[in-house]
Amino acid sequence: MTRIDGYLLDNRQAEEAEHFSAFAALFDPTTFRHLDALGVGSGWRCWEVGAGTTVVSWLAKKVGPTGCVVATDTDTSRLASAARPPVEVRAHELGAQEPPREGFDLVHARLALVHVTDRGRALRSMVKALRPGGRLLVEDADPALQPLLCPDEYGPEQQLANRLRQGFRRLLADRGTDLPCGRTLPRLLRDAGLARVQADAYFPLTSPDCAALEAVTIRQIRDQLVTAGLATDQEIDRHLGNVTSGALDLTTAPMISAWGRKQ
């Protein structure tokens, strides 16, 4: 993917595996539900954009030996274990390069567009890669649609959690990330020429996986929060302790899934 300069959660950090594991635990069931509803099955040709290993493995099982899954990202190192038939791994920049091929039955992208500077071009590229009647499923978060980490802000621990979440969103905005991305997906898919466009959102309100994702995210951005004057080390330590205690009802930004069909 062509990422906006200064990607905040650098995939090469030591917490990479933990971050992806927590994220997959939260959102894979929703992604798999949508892919099942779209009819993914034996012999399908799929393009997984900004690929995650759990989704790639799930698709590979669904399409079987007669299908194919082309898994792309700018950094393919974490996909090495998946690079065996029917999976083909390729380095690719969404929105900057032509599709890896055309004639796909399915193109899926999760948390890919939010890091691309020209989303319209990226979507047109994905639509171009589909066969007539092929399906596109795009999923992205919308942090501004639900800005709180603790919706029930009844005490100082919850207030601190929400202030740190605001700091996270400020760091993202300072790097050019367009926060209200998810809500625009239905319109963007229609603008790209897709028909039968639909969308929904998944919004976990309390989950151990939310706590795991929050803990690793805060550790990843700790230095940036402190350097920007958005939090002190003591506040971050206190917040991490609150998260670990299980006393906070934590949530995430809604994950919006939008899908449509090429005419």
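**Figure 1. The buried residues of helix α2 in the predicted model.** Let's start inside α2, where V55, V56, W58, L59, A60 and V63 are buried. This is a predicted model, as are the views that follow. The buried residues of α2 pack against one helix and several strands: α1, β1 (45-49), β2 (68-73), β3 (87-91) and β4 (104-110). Just after α2 comes G64, which has a positive phi near 70°.

**Figure 2. A close look at W58 of α2.** W58 sits in helix α2, which spans residues 53-63. Is W58 buried or exposed? With a relative accessibility of 16%, W58 counts as buried, because buried here means under 20%. If you set aside neighbours within four places in sequence, the contacts of W58 are F32, L35 and D36. To gauge the spacing, look at H34: W58 and H34 lie 24 residues apart along the chain, and their C-alpha atoms are separated by 12 Å.

**Figure 3. L38 and its contacts from elsewhere in the sequence.** L38 belongs to the loop between α1 and β1. At 11% relative accessibility, L38 counts as buried. Which residues does L38 contact, leaving aside its neighbours within four places in sequence? They are W44, L106, R135, L137 and W259. Of these contacts, L137 is a nice one to find in the view: L38 and L137 are 99 residues apart in sequence, while their C-alpha atoms are 8.8 Å apart in space.

**Figure 4. Helix α4 crossing helix α7.** Here you can follow helix α4 (residues 156-174) as it meets helix α7 (residues 233-245). Their axes come within 10 Å and cross at roughly 115°. The crossing of α4 with α7 is left-handed. On the α4 side, the contact is made by E157, L160, A161, R163 and L164, and on the α7 side by E235, R238, H239 and N242. Sorted by class, this contact of α4 with α7 holds four charged, three nonpolar and two polar residues.

**Figure 5. The largest nonpolar core, seen around I218.** The largest nonpolar core has 28 residues, and I218, L225 and L250 are the ones that touch the most other members. Helices α1 (16-37), α4, α6 (208-227) and α7 each supply at least two residues of this core. Which helix gives the most to this core? That is α6, with eight residues. Zooming in on I218, its contacts are L164, L225, I236, H239 and L240, not counting residues up to four places away in sequence. Apart from this core lies another, of 25 residues, including L113, L188, L194 and I256.

**Figure 6. Cysteines without a disulfide partner.** How many disulfides does the model have? The count comes to zero. Why is C46 not bonded to its closest cysteine? The sulfur of C46 lies 7.1 Å from the closest cysteine sulfur, in C68, which is too far for a bond, because a disulfide needs the two sulfur atoms within 2.5 Å. C150 tells a similar story: its sulfur is 10 Å from the closest cysteine sulfur, in C210, again too far for a bond. Both C46 and C150 are also buried, C46 at 0% relative accessibility and C150 with a relative accessible area of 1%.

**Figure 7. A cis peptide bond at P85 and P86.** Look for the bond joining P85 and P86: this peptide bond is cis, with omega about 10°. P86 is placed in the loop between β2 and β3.

**Figure 8. Positive phi at L111 and R196.** Neither residue in this pair of views is a glycine, yet L111 has a positive phi of about 55°, and R196 has a positive phi of about 55° too. Where is L111 placed? L111 lies in the loop between β4 and α3 (119-128). R196, by contrast, is found in strand β6 (residues 194-202). As for accessibility, L111 is partly exposed, with a relative accessible area of 25%, while R196 is exposed, with a relative accessible area of 62%.

Notes
Residues are numbered from 1 along each chain as its sequence is written. This is a predicted model: local features need pLDDT of at least 70, side-chain atom pairs count only at pLDDT 80 or more; totals for chains, interfaces and linings use all residues. Side-chain values use heavy atoms; hydrogens and water are left out. Axes are lines fitted to C-alpha atoms, for helices over the stretch in contact, and angles run from 0 to 180 degrees between N-to-C directions. Helices (H or I, at least four residues) and strands (E, at least two) are DSSP runs, numbered from the N terminus. A crossing is left-handed if the near helix is turned anticlockwise from the far one by less than a right angle, and right-handed if clockwise. Contact means heavy atoms within 4.5 Å. Ala, Val, Leu, Ile, Met, Phe, Trp, Tyr, Cys and Pro count as nonpolar, Asp, Glu, Lys and Arg as charged, and the others, Gly among them, as polar. Buried means under 20% relative accessible area, exposed over 50%, partly exposed in between (1.4 Å probe, protein chains only). A nonpolar core is a set of buried Ala, Val, Leu, Ile, Met, Phe, Trp, Tyr and Cys residues joined through side-chain atoms within 4.5 Å.
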